[in-house]
Every structure is written in C-alpha cells, then in structure tokens.
Amino acid sequence: MKRNLSTTAPLETVDVNWGNKRALAEVRRTERRVLRIEVRPSGNVIVFAPFGEGVGAIQDRVKERRSWIFRQIDRIVSWPSPTPDRHFVSGETHLLLGRPYRLLILQSDKPQVCIEGSRLKVSAPCVDDQVHCRHLVMTFYAVTARGVFTERLNEVARPFIRRGLQLPLLIVRKMSKRWGSFTSTGRIVLNVDLVRANPMLIDYVICHELAHAFHLDHGKEWRRLLKTVMPDWEDRKVRLEALLR
Ligand SMILES: [Zn+2]
C-alpha cells in the first residue's frame, strides 16, 4: 500500500498496531548496520533498515517500539493545526472558502481528497491514521489555496496596478501569527489558512497587503487608499477576525 502521493517506486511498508491505533511505517533500506525508527514532523513513520534485514525482523523491532511510535504520533497530532481541535476523523466539520464541509474518510489504496456536495471526502489507505488523513487534507488545502489566491490576487491587484504597482510574486505558506505580509522585495505572502475563509475576506487580506506596497504603516494614507479601493474593508476585517479565531 502506497502512502506517499508523489512516490513512483513501490514502497516497502510495515503495519504498526497498538490497541485500536494503526499506522503504516515506510521501510527505507540503508547501508547502516543498525535498524533505526524515526517519526517525522509530518507524522510519517520511517524505518531505516539494513539491506539484508528480513521483513520479520523489521516487524518485530517495530512491534517492540510501537508504544514509543504512537507517543510521538500523538504528540504531533496534538500540535496546533490550521483547524484547531480537529482530529481528522469522519463527521468533523472543516471550513473551506467560508463553507462548512463534513469530513468523510473512506478506505482506499489510492490516497485522494475531493469535495462532493457538502462533504470533504478523503480516501486513505488507513482510515484510522489521523496523521496521514491530516496530511492529505492539508495538501488539498494548500493546492486549493494556491489556485484561489492566485485568481483573487489577479483580480484585486487591478486598481493597484493602475496606480503603478507591478503584479507581485505570490508566496503561500503557513504563518503562525499573521494573515499576510508584503515584503520589502515586493512579494505578497499569504497564510495558507486563509483558504478556510470566504473569498471576500481573502480579497480583504490581499487588498490590505497591496496597500502596504504604497504605504508601509497603517496610517492615514494607507487607510485612505484602502477605503478608495475597498470601501467596506473595515467590515470585512471584523468578519475575518470573527470567523477564524
Ligand atoms: Zn498591515
């Protein structure tokens, strides 16, 4: 069973079970003589095994270490995520572009995420593997964010371009304390979490940042420009803060 979307070579994997918890560990063969298990910040479990090590021996070693493996995974799952308090199990509500979707996780050997009606449908090899399900959803959000933000930036930038701005390069990434920023090198950075908000609120953040291309601080000039380009910006600001706490 493959778990990595971009891997072309077939993966060697072993199951890790502990109580009702399940995860798939990826086996990577190395020149090292000692087997080593790693739980990556992504939650992926990787077993570095010597070339000659048999599958049985690897499974035994993983079994010995399973309580440690799931402790690491639990720690990662409890990290703050873009959708706080979500556990990536069926039935949860997740926001996308301002609309609520019900998460539905189905077993499939082909990992995939799609929207179907009011459902956010996740196909995963292991429906109980919360870390992997979260990874799949986050990847889907990141891809959607890039598409939507690019489209909105092209639209919102028009009045600024008429004022002499060059369309800035867009960077989408996770930001812990901000929705966006405008860099001194003329790039606009948007927080990937904004993809949870209604597009009109995404437009506000873009507008806010583009106005910084002309005025660095939030002073009178900046407010005047923002008011001209987006008369209801203060309204949108309040709504954004209320929606995504
Ligand atoms: Zn600002």
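Strands E9 and E11, the latter covering residues 187-191, pair in the parallel sense over 5 bridges; two strands are said to pair if DSSP finds at least two bridges between them. Helices (H or I, at least four residues) and strands (E, at least two) are DSSP runs, numbered from the N terminus. Within this pair, Leu-169 has Arg-187 of E11 as its bridge partner.

Before I continue, please note that this is a predicted model, in which local features need pLDDT of at least 70, side-chain atom pairs count only at pLDDT 80 or more, and totals for chains, interfaces and linings use all residues. Residues are numbered from 1 along each chain as its sequence is written.

The pair just described belongs to an open sheet of 3 strands, in the order E9-E11-E10, with mixed pairing. Which strands stand at the edges? They are E9 (169-173) and E10 (180-182); each has a single partner strand, so one side of each is left without a neighbour in the sheet. On average, and with direction ignored, neighbouring strands of this sheet are turned by 15° against each other. Axes here are lines fitted to C-alpha atoms, for helices over the stretch in contact, and angles run from 0 to 180 degrees between N-to-C directions.

Two helices pack on this sheet. H3 touches E9 and E11, and its direction makes about 145° with that of E9. H5 touches E10 and E11, and its direction makes about 25° with that of E10.

Let us turn to how these helices meet. H3 (residues 130-156) and H5 (residues 199-211) pack at an angle of about 60°, with their axes 10 Å apart. That makes H3 oblique to H5, since angles under 35 degrees count as roughly parallel, over 145 as roughly antiparallel, 65 to 115 as roughly perpendicular and the rest as oblique. From H3, Val-148, Phe-149, Arg-152, Leu-153 and Val-156 meet residues of H5 that include Ile-202, Asp-203 and Ile-206. By class, this contact has 9 nonpolar, no polar and 2 charged residues; Ala, Val, Leu, Ile, Met, Phe, Trp, Tyr, Cys and Pro count as nonpolar, Asp, Glu, Lys and Arg as charged, and the others, Gly among them, as polar.

Pro-199 is found in H5. Is Pro-199 buried or exposed? Pro-199 is partly exposed, because 16 other C-beta atoms lie within 10 Å; a residue is buried with 20 or more such atoms, exposed with 12 or fewer, and partly exposed in between, C-beta atoms being placed from the backbone. Leaving aside its neighbours within four places in sequence, Pro-199 is in contact with Leu-97, Val-148 and Arg-152, contact requiring C-beta atoms, placed from the backbone, within 7 Å. Pro-199 and Leu-97 are 102 residues apart along the chain, yet their C-alpha atoms are separated by 6.1 Å.

My next topic is strand E8. Along E8 (residues 119-124), Leu-120, Val-122 and Ala-124 point to one face and are buried, while Arg-119, Lys-121 and Ser-123 point to the other and are not. E8 pairs with E6 (residues 99-107) in the parallel sense over 6 bridges, and with E7 (residues 112-116) in the antiparallel sense over 5 bridges. Val-122 is the bridge partner of Ile-105 and also stands opposite Val-113. In the hairpin of E7 and E8, with 2 residues between the strands, Gly-117 takes a positive phi near 65°.

Finally, the chain as a whole. The chain has 7 helices and 11 strands, and buried residues make up 27% of its 245 residues.
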